[in-house]
Structure formats: structure tokens, C-alpha cells
Amino acid sequence: MRIIDISMEISEDMPVYPGNPHPSIEKYRQIPEDSTTESKICIGSHTGTHVDALQHVKEDGETVKQIDLENFYGDCQVLDLTRCDENVERADLEEKEIKTGIVLLKTENSLKPYQRFRKDFTYLTLDAAEYLADQNVRTVGIDYLSLVKFDGGRKAEEAHLKANERMTVIEGLDLSKAEPGRYVFSGMPLKIAADGAPMRAVLIDREQE
């Protein structure tokens with residue numbers, strides 16, 4: 001069985017979405033001065049690879065701990081959308097045969113390093129998000145820190161809300177080493193009553209079993 005790690009590493013120098021706090025990792029006990037090594041970790045709820053809860057975009061929306069755990073595990077498809085440089089539109093998805101409830105979008109973002117935040121990342125349009133939901137997709141993931149256009153105004157806000165209302169949204173995936181195809185996805189977030197939470201996401205290649 002081959003397991004592919006598709007999570008960003010959490011570190012103090014990692015890229016974060018503008019306005020989000022940078023991670024802080026501080027050892028407050030350390031061997032050999034102390035009997036154990038322990039650290040204080042401070043991160044935002046949307047750091048690195050993370051899930052958005054509906055509360056992120058809607059005041060009375062559900063929190064992370066209320067999301068059905070089935071949305072974080074199961075058969076999935078990694079779709080090759082690397083030719084989509086600006087955005088992923090409905091027409092791009094209509095060319096694909098969607099067969100699973102979990103869909104991960106591998107865009108041009110995966111061809112560029114995760115060294116600094118880029119405002120010109122590839123994003124998902126509202127029509128594309130609605131199309132995925134209409135195909136009974138329960139979870140959508142994308143290979144950047146946001147599903148929607150940076151500073152995209154009302155249209156981006158609407159796309160974000162619609163996507164989160166109809167699907168579980170995972171952002172910040174590292175799909176650079178994941179070939180398009182079918183896998184088993186596993187990515188469990190922290191059990192927390194918050195608007196978002198980091199997760200460790202992996203793909204399991206069953207063809208290697």
C-alpha cells in the first residue's frame with residue numbers, strides 16, 4: 001500500500017493567507033535541561049492544509065466538530081486541471097467523469113512551489129462549485145490556501161458561501177506529487193468548535209496493495 005502525503009508542513013516560515021497569523025512554535029521545556037521536551041504551538045484555524053467549516057462564511061453555520069466524519073474519508077478522484085491557469089470553470093469539470101463523493105482539484109498551483117503566498121493562484125468559480133455539488137460531490141479540495149479568487153469581491157464571497165453550504169471544503173492541499181486518478185482519501189481535522197481546523201491529509205493508492 002502506498003500512502004501519499006498531500007499536507008503542507010506547518011512551520012514558522014510557511015506561507016499564510018494575508019491577514020492570517022504566522023505560526024509560532026516555541027519550546028517551553030527541553031531536554032537536557034528538563035526531563036521532557038514540550039512546545040507551545042500557536043496557529044490560525046486556516047493554517048496550511050485545513051478544512052473550512054460553514055461558520056467561516058456564515059455566522060450561524062456549523063463548526064468543524066459538527067461536520068460529518070464521512071466527508072473526510074473515502075474514495076476520491078484527483079482531477080487533472082493543470083491547464084487551468086486563472087480559474088476552474090464549469091466547462092472544465094464537464095469534461096471530466098466524476099465518479100466519487102470526494103474530488104480534489106490539481107491545478108496549475110501544483111506546478112509552482114509553496115514558498116510564498118501568490119495572489120494570482122488558480123481558483124474555483126461559482127458555476128464550477130455548483131456543478132460539483134450537483135454531481136453529488138460531498139467534499140472538494142483545492143491545491144491552494146483558498147478555493148475562491150483573491151480579493152474577488154461579491155462574486156468570490158458568493159462562491160465561497162455556496163461551496164461551503166453544499167460541500168465540505170478543504171484548502172491548502174499539496175498535490176504536487178499526486179498523479180491524477182482514483183485513491184482513498186483520509187484527512188481528519190482537529191475536533192474543535194471553530195470555523196476551521198488544520199488536518200493531516202493523505203491519499204492511499206490501493207493499486208499498490
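Which residue just after H2 takes a positive phi? Keep that in mind as you read these notes; the reply comes in point 3.

1. **What you are looking at.** This is a predicted model, in which local features need pLDDT of at least 70, side-chain atom pairs count only at pLDDT 80 or more, and totals for chains, interfaces and linings use all residues. Residues are numbered from 1 along each chain as its sequence is written, and side-chain values use heavy atoms, leaving out hydrogens and water. Helices (H or I, at least four residues) and strands (E, at least two) are DSSP runs, numbered from the N terminus.

2. **Helix H3 has two sides.** Let's begin with H3, residues 153–166. Its 14 residues should span 20 Å at 1.5 Å a residue (the expected span is 1.5 Å times one less than the number of residues), and its end C-alpha atoms are 20 Å apart, which agrees. Ala-156, Ala-159, His-160, Ala-163 and Asn-164 of H3 are buried, where buried means under 20% relative accessible area, exposed over 50%, and partly exposed in between (1.4 Å probe, protein chains only). These buried residues cover an arc of only 120° around the axis, which puts them on the same side of H3; the arc is that of the directions from the helix axis to the C-beta atoms. On the other side of H3 you will find Arg-154, Lys-155 and Glu-157, which are exposed. The cover over the buried residues of H3 includes strand S4 (50–52), helix H2 (126–134) and strand S10 (168–171).

3. **Helix H2 and its neighbours.** In H2, the buried residues are Leu-126, Ala-128, Ala-129, Tyr-131, Leu-132 and Ala-133. They pack against strand S6 (87–88), helix H1 (90–94), strand S7 (102–107), strand S8 (123–124), strand S9 (139–142) and H3; contact means heavy atoms within 4.5 Å. As for the opening question, Asn-136 is the residue just after H2 with a positive phi, about 65°.

4. **The nonpolar cores.** A nonpolar core is a set of buried Ala, Val, Leu, Ile, Met, Phe, Trp, Tyr and Cys residues joined through side-chain atoms within 4.5 Å. The largest one has 25 residues, and those with the most contacts inside it are Leu-93, Leu-105, Leu-124, Leu-132 and Met-167. H2 gives the largest share of this core, six residues. A second, separate core of 21 residues includes Phe-72, Tyr-183, Phe-185 and Met-199.

5. **Aromatic rings.** There are six aromatic pairs in the structure. Rings of Phe, Tyr and Trp (its six-membered ring) pair if their centres lie within 6.5 Å; planes under 30 degrees apart count as stacked, over 60 as edge-to-face and the rest as tilted. Tyr-17 and Phe-117 form an edge-to-face pair, 5.2 Å centre to centre with 80° between the planes. This pair links distant parts of the chain, 100 residues apart. Tyr-17 counts as partly exposed because its relative accessibility is 21%, while Phe-117, at 17%, counts as buried. Both rings belong to one aromatic cluster with Phe-121, Tyr-144 and Phe-150.

6. **Paired strands.** Finally, look at S11 (residues 181–189). S5 and S11 pair in the antiparallel sense over six bridges, with Gln-77 opposite Arg-182 in S11; two strands pair if DSSP finds at least two bridges between them. S11 also pairs in the antiparallel sense with S12 (residues 196–205), over six bridges, and there Ser-186 stands opposite Val-202. A hairpin through six residues joins S11 to S12.
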